[in-house]
Amino acid sequence: MIKLESAGVRWQNGAPVPASVVSPADREKTMAYQIFRRHEMRKEEGQLHLKFDSLISHDITYVGIIQTAKASGLKEFPVPYVMTNCHNSLCAVGGTINEDDHVFGLSAAVKYGGNFVPANQAVIHQYAREMMSGCGRMILGSDSHTRYGALGTMGVGEGGPEIVKQLLSNTYDIASPQVVMVYLTGEPAQGVGPHDVAIALCGATYKNGFVKNKVLEFVGPGIKNLPMDYRIGIDVMTTETACLSSIWETDGAVEEYLAIHGRPETYEALHPQEGAYYDSMITIDLSKVEPMAALPFHPSEAYTIRELLADPGDILREVEKRAADQFGGKVTLSLTDKLVDGKLMVDQGVIAGCAGGMYDNIAEAAAILDGHDVGSGYFSLSVYPPSVPVNLELIQNGVQQSLLEAGALFKPCFCGPCFGAGDVPANNGLSIRHTTRNFPNREGSKPGDGQLSGVVLMDARSIAATARNHGVLTPATEVSYVQPKQGKRSFDTKVYDRRVYFGFGKAQPEAELKFGPNIAEWPAIPALADNMLMQVASVLRDPVTTTDELIPSGETSSYRSNPMKLASFALSRRDPDYVPRALATQALETARQSGSLTPEVQAALDKLDLAGKDPASFQIGSVIFANKPGDGSAREQAASCQRVLGGCANICYEFATKRYRSNCVNWGMLPFTLAEGDEFHAVPGDFIYVPDVKAKVIAGDDTFPALCVGEKGVTPITLYLKNTTGEERELLLTGCLMNHYAAQNKA
């Protein structure tokens with residue numbers, strides 16, 4: 001089904017061949033580097049400095065982005081910046097605050113010249129596909145699933161500060177990435193959908209880091225056998241492989257898509273040039289892909305549904321064990337009781353958002369359910385179309401009516417089920433979803449309150465087959481149905497023409513921003529001091545820590561326009577003692593700033609033989625240790641919440657994603673790593689003293705000898721600050737991106 005080859009290959013006569021010699025010049029012949037060079041602002045060996053054609057954010061990120069850019073000197077949006085409203089549009093939390101954010105967003109679009117998509121008109125990525133994509137373009141989004149490669153557009157998902165840099169006409173700076181060829185052959189069987197291919201790809205590549213921070217380049221004869229929605233459905237899930245971005249060969253199907261969506265002039269044939277070099281290769285035989293299931297708690301926990309149903313007891317017990325390990329026995333997930341008379345019973349099905357809510361997925365689900373129903377038991381089926389234009393097409397073609405008659409429910413264009421703000425399952429429920437993620441508590445449960453449910457990612461086709469059997473897990477390849485014909489698609493822009501505010505190039509500087517009572521400015525962030533005294537606030541021993549654990553999604557999203565309010569939720573579902581500890585450390589720093597040292601700090605300095613140390617010569621901040629933090633969402637708040645609570649660093653063995661490490665740097669938190677094999681013995685409350693930290697950052701050092709002070713006395717520890725660019729070190733020195741640009745504007 002999927003084969004990985006770590007050796008380099010070349011593109012020769014329309015096929016991959018082994019390449020024994022690495023040629024940097026031939027890497028330039030890939031589609032990825034052809035696009036990079038069009039967007040490169042200055043050349044530097046081994047680095048890229050890029051400007052994007054357009055930017056996009058949604059309503060749990062754009063308020064903070066605009067507040068940061070405003071504090072940094074923003075006058076006008078220099079490129080099209082689209083603000084969609086698809087995350088906080090249904091969260092009934094906090095009274096007026098969700099709609100207050102939307103009002104703020106529209107006022108910012110008016111003032112700075114942006115485009116504003118009102119609530120429930122479209123989910124962020126569908127709008128980008130319909131209205132912003134074009135061959136050879138690049139789009140930067142403050143959402144991790146910013147992926148438009150199937151349309152010939154390189155999408156990159158990053159934290160909000162990277163959007164701020166672009167709004168201030170600065171560049172996106174990264175090390176030149178490797179490119180991985182994804183060679184597609186064959187044609188999928190009926191009942192096998194894009195999520196099946198995507199889950200198989202995640203299962204093959206995530207845990208081994210095969211494509212981490214690299215670009216996936218899709219080529220090969222199998223592409224022509226995939227309709228556009230199918231390609232898009234695979235592409236959007238490449239985020240879950242931990243790759244940087246993706247790009248596909250383009251053909252007549254892409255040309256037709258862009259023409260239907262009113263942009264025929266943006267089509268361009270994209271292909272690798274003869275001799276293009278790839279650092280490694282993934283081969284996917286589409287004809288061998290089976291219906292898949294990604295079990296809790298990650299899209300890479302990939303099994304074929306056939307394997308799951310052949311041995312459900314042992315497999316589900318492994319999931320239960322993972323849940324017990326994850327939550328330390330404080331809450332349990334029991335899935336083996338879903339086995340009834342040898343059948344695996346499911347409580348809920350959801351087809352939604354940027355991955356599941358494609359027209360083709362929904363139409364095929366309707367075909368599978370035609371003449372059948374979802375039953376009147378515990379099982380329910382919800383469908384969330386991705387945009388009003390797609391929903392209109394579903395209505396006009398009778399697809400929506402057919403599903404409603406079968407007992408499915410249609411919901412607004414909303415991303416809620418993907419991050420715990422819609423269709424939250426019952427405690428201990430089992431939900432099957434064509435959405436992007438199934439991390440623990442991302443479905444909306446609160447383990448701290450004794451709640452936990454499980455999400456299995458599946459394709460819409462097998463979800464519909466399961467619905468047809470009233471909740472009995474069923475792969476779509478085992479039901480008979482007439483596959484919908486691939487007719488010519490339609491797209492009606494009138495709803496956007498009437499409702500979207502198109503303000504790019506029409507900035508009104510005199511217009512006032514409209515603030516709701518929850519929208520708050522960022523607190524003052526200190527610059528880096530000469531020396532750092534860090535107090536450990538949390539130690540997380542999980543193999544991977546997600547951004548959903550660092551700052552929960554779901555109802556807390558409503559507070560993302562209030563930095564301090566949101567920060568009160570930091571690690572609340574993983575380490576509830578983190579916030580009190582961080583605030584206690586922040587109080588130590590407040591006392592130091594007033595010129596006095598608490599007995600706790602003085603005792604640590606005494607152990608370090610630093611008695612009498614001038615309080616002005618060092619800084620006190622909290623620090624989190626995690627083995628591998630930052631998998632998942634691009635949301636900057638996973639880092640900024642730590643920072644506004646006085647966080648000064650993360651310590652880990654490696655960062656799960658480039659985007660989370662960037663978020664730490666952009667918020668002035670030192671991204672320290674440990675050498676593999678070096679043990680981290682500190683516990684919450686211990687201090688770590690890093691001398692001469694400022695001088696070493698200025699000098700570009702990558703090794704930071706430090707001392708850990710705890711109950712066992714003083715022990716040495718070596719921290720590393722590797723692969724940190726000059727631009728990143730400047731941000732760390734000034735304290736955060738906002739400070740850096742504000743200082744530039746004053747100068």
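Helices H24 and H26 are oblique to each other, because their axes cross at roughly 45 degrees, and oblique covers angles outside the ranges under 35 (roughly parallel), over 145 (roughly antiparallel) and 65 to 115 degrees (roughly perpendicular). This is a predicted model, in which local features need pLDDT of at least 70 and side-chain atom pairs count only at pLDDT 80 or more, while totals for chains, interfaces and linings use all residues. Residues are numbered from 1 along each chain as its sequence is written, and side-chain values use heavy atoms, without hydrogens and water.

**Helix pair**
- The axes of H24 (residues 658-666) and H26 (residues 726-734) come within 8 Å; helices are DSSP runs of H or I with at least four residues, and strands are E runs of at least two.
- Arg661, Val665 and Asn666 of H24 meet Glu728, Leu731 and Leu732 of H26, with contact meaning heavy atoms within 4.5 Å.
- These contact residues divide into 3 nonpolar, 1 polar and 2 charged.

**Largest pocket**
- The largest pocket holds about 810 Å³ of space; a pocket is an open set of points on a 1 Å grid, found with a 1.4 Å probe, with protein on both sides within 12 Å along at least five of seven lines, and lining residues have an atom within 4 Å of a point.
- Its lining has 25 residues, and Asn213, Lys658, Arg661, Lys722 and Asn723 lie nearest the centre.
- Strand E10 (172-175), H24 and strand E31 (670-673) each give two or more residues to this lining.

**Salt bridges**
- The structure holds 38 salt bridges (a side-chain nitrogen of Lys or Arg within 4 Å of a carboxyl oxygen of Asp or Glu).
- One of them joins Asp26 and Arg10, with the closest N and O atoms 2.6 Å apart.

Technical notes:
Axes are lines fitted to C-alpha atoms, for helices over the stretch in contact, and angles run from 0 to 180 degrees between N-to-C directions. Ala, Val, Leu, Ile, Met, Phe, Trp, Tyr, Cys and Pro count as nonpolar, Asp, Glu, Lys and Arg as charged, and the others, Gly among them, as polar. Grid points are joined across faces, edges and corners, and a volume is the space filled by probe spheres set on the points.
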